[in-house]
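Please look through the sequence and the coordinates side by side before reading on. The paragraphs below go from the whole chain to a few selected places.

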Amino acid sequence: MDQSSADEEEIRNKQQPQQTPQLRLATMEEEVSMAIPQGAVQPPTICVVPEDLAEGNKGAYTPKVICIGPLFDGERTTASMLMLEHYKRCCVRKLVVGGESAAWSPEIHGPLLRNCFDTIMRLLPRIRASYSSMSSSSKQGEGAMSDDEQLAMTMLLDGCFVLYRLLKHARMAKSGGAMESDYDEWTHLFGRCWVWGTVKRDLLLLSNQVPFFVVRKLFKHLKVKGNTTGERDDALLVSGGLHLFGSLHPPRLHSAPIQCHDVHHLLHLFYLSVDFPPSDESNSHQQQQRAALLSSELTRWVPCATELEEAGVRFCARKRGALSFLDVSFRRRRGILEIPPLQLFDYSEPLFRNLIAFEQTYPTTPGRFTAYAIFMDCLIKTTGDVRLLHRSGVLVNHMNGDRDDVAMGFFSRLCKEAHTSDDRNYLAGMMQEVNTYQRARWPRWRAALVSNYFTNPWVTTSVVVAMVLLTLTVLQTFYSVYGYYKPPK
């Protein structure tokens, strides 16, 4: 059997035309001549998370109860997903008719809905350019929608859902945050409490997004009574998004306005809210330019927290003047490393993973979340480092499990396969200052003195008493010698 297979393979090889070196060279020349570089295009803002980043925790990038956009079309068939697909249609109806109890009028509301659909159809080239890839889930057969129609329908349903949630939270923000009626109704339907917390988590996944320009366009077409709070349209959507994610950590530490036309999607809105404000971008850019001129050895790594403490570096939670939780500073004269407090919850790892994945797939971001995670990964290598940062108020861990072990591996998991460069590392200059300080001798001697003799009040008292006795002994010896050589007359 093996001999016959080998004979058949040999016959097939003889039957195939043999390419001469000249023919292969001509084929390669043709292929190279056709390999024309594409012109500069706007990179997609909503991407499939690369396999190397998702490896080890793919669930952090996958929606649990709601699918937004076309990248997870194949996941819309589960029971919880189907419930929220029905809720999306309820959101469309409420926006079109202008309320929950208003009656549907085919003569009025039908054309308005078709107008929204036609608007989305006209936006399809721009929508497709916003995604790194598209999944086709349209059914084949007579009467089935085309891919364009299927995509437009998805954008209409998902865009109206996002718009409805933003408008609801904008009203809640103005009224002081009171819950509205449909929370209890839909919680009962889903059969579990706090389902909206899971929905909120799904809305911050990189691949589970709808372009924000779709939401803005739908809002212009669906302005109805009760959807305005006296704010401008763009400000209304932004304030709704900030209130929607206002309970998450890290919190927003600045009040600089966020321009709606700069927002790509909901994850990007959260990204902008916890990043440095736009007014501070110039200073951060200067830090990155200075970092590009520094020695790469000193700007890519710092010792762990316990080693820095032994070298005289003190850790302090920066609670005043910080513009973002990323606002790390080092006071070199006093050897104090100030880091804004960071609270870690069970949702923190998926949230940070998607923020970093956004930076890794969208080249125009400043890359500060990646640089911060790499810096914190350098500081935390053992459970002793975790306890040190916890005592100093820098790191507060609310995650389940063995808290020290979970927190110890938190940033190392985030940094796996995440990359940055010196010219994009806003912390490079500070890291060089910390390394330079750590290598100096006097701070290390001073830290050893304090650690050995001034950590306990009884030891401190003993040292003071010993110094007093030593001083008295020296004085007694001095006066004895002085009296011998110069006796009193």
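**From the whole chain to its details**

The accessible surface of the chain comes to about 26,600 Å², and 56% of that area belongs to carbon and sulfur atoms. These values, like all that follow, are computed from a predicted model. Of the 489 residues in the chain, 44% are buried, and the secondary structure consists of 23 helices and five strands. Among the contacts in the chain with a separation of 6 or more, 71% are accounted for by residues that lie 24 or more positions apart.

The strands offer a convenient place to begin. Three of them form an open sheet with mixed pairing, in which the order is β1-β3-β2. The edges of this sheet are formed by β1, residues 314-317, and β2, residues 329-331, each of which pairs on one side only. On average, and with direction ignored, neighbouring strands of the sheet are turned by 25 degrees against each other.

How do the two pairings of the sheet differ in sense? β1 and β3 run parallel and are joined by four bridges, whereas β2 pairs with β3, residues 336-339, in the antiparallel sense over three bridges. Within the parallel pair, C316 stands opposite E338 in β3. On the antiparallel side, F330 stands opposite L337 in β3, while the bridge partner of R331 in that strand is I336. The connection between β2 and β3 is a hairpin with four residues between the strands, and G335, which lies in the turn, has a positive phi of about 70 degrees.

The side chains of β3 can then be followed in both directions. I336 and E338 point one way from the strand, L337 and I339 point the other way, and all of them are buried. Taken with the pairings, this means that E338, which is opposite C316, and L337, which is opposite F330, point in opposite ways from β3.Burial can also be followed along a helix. Helix α9, residues 195-202, is mostly covered, with seven of its eight residues buried. The buried residues are V195, W196, T198, V199, K200, R201 and D202, a list that includes the charged residues K200, R201 and D202.

A surface feature appears in another helix, α23, which spans residues 457-485 and holds V465. V465 belongs to a nonpolar patch on the surface that is formed together with V464, V468, L469, L472, L475, F478 and Y479, and the accessible area of the patch is about 760 Å². Is V465 itself buried, partly exposed or exposed? V465 counts as partly exposed because its relative accessibility is 42%, a value between the limits of 20% and 50% that bound this class.

Two places in the backbone deserve attention as well. Most residues other than glycine have a negative phi, and most peptide bonds are trans. Against that background, the peptide bond from H249 to P250 is cis, with omega near 5 degrees. P250 lies in the loop between α11, residues 233-244, and α12, residues 266-274. The other place is E417, a residue other than glycine whose phi is positive, near 65 degrees. E417 lies in the loop between α20, residues 410-415, and α21, residues 428-439, and counts as partly exposed because its relative accessibility is 36%.

Conventions: Residues numbered from 1 in each chain as written. Predicted model: local features only at pLDDT ≥ 70, side-chain atom pairs only at ≥ 80, totals over all residues. Heavy atoms only, no water. Patch = residues over 30% accessible without salt bridge, like charges linked within 9 Å, V, L, I, M, F, W, Y side chains within 5 Å. Areas by Shrake-Rupley, 256 points an atom, 1.4 Å probe, with all protein chains shown as cover. Salt bridge = Lys/Arg side-chain N within 4 Å of Asp/Glu carboxyl O. Buried < 20%, exposed > 50% of the residue type's maximum accessible area, 1.4 Å probe, protein only. Pairing = 2+ DSSP bridges. Axes fitted to C-alpha atoms, helices over the stretch in contact; angles between N-to-C directions. Contact = heavy atoms within 4.5 Å.
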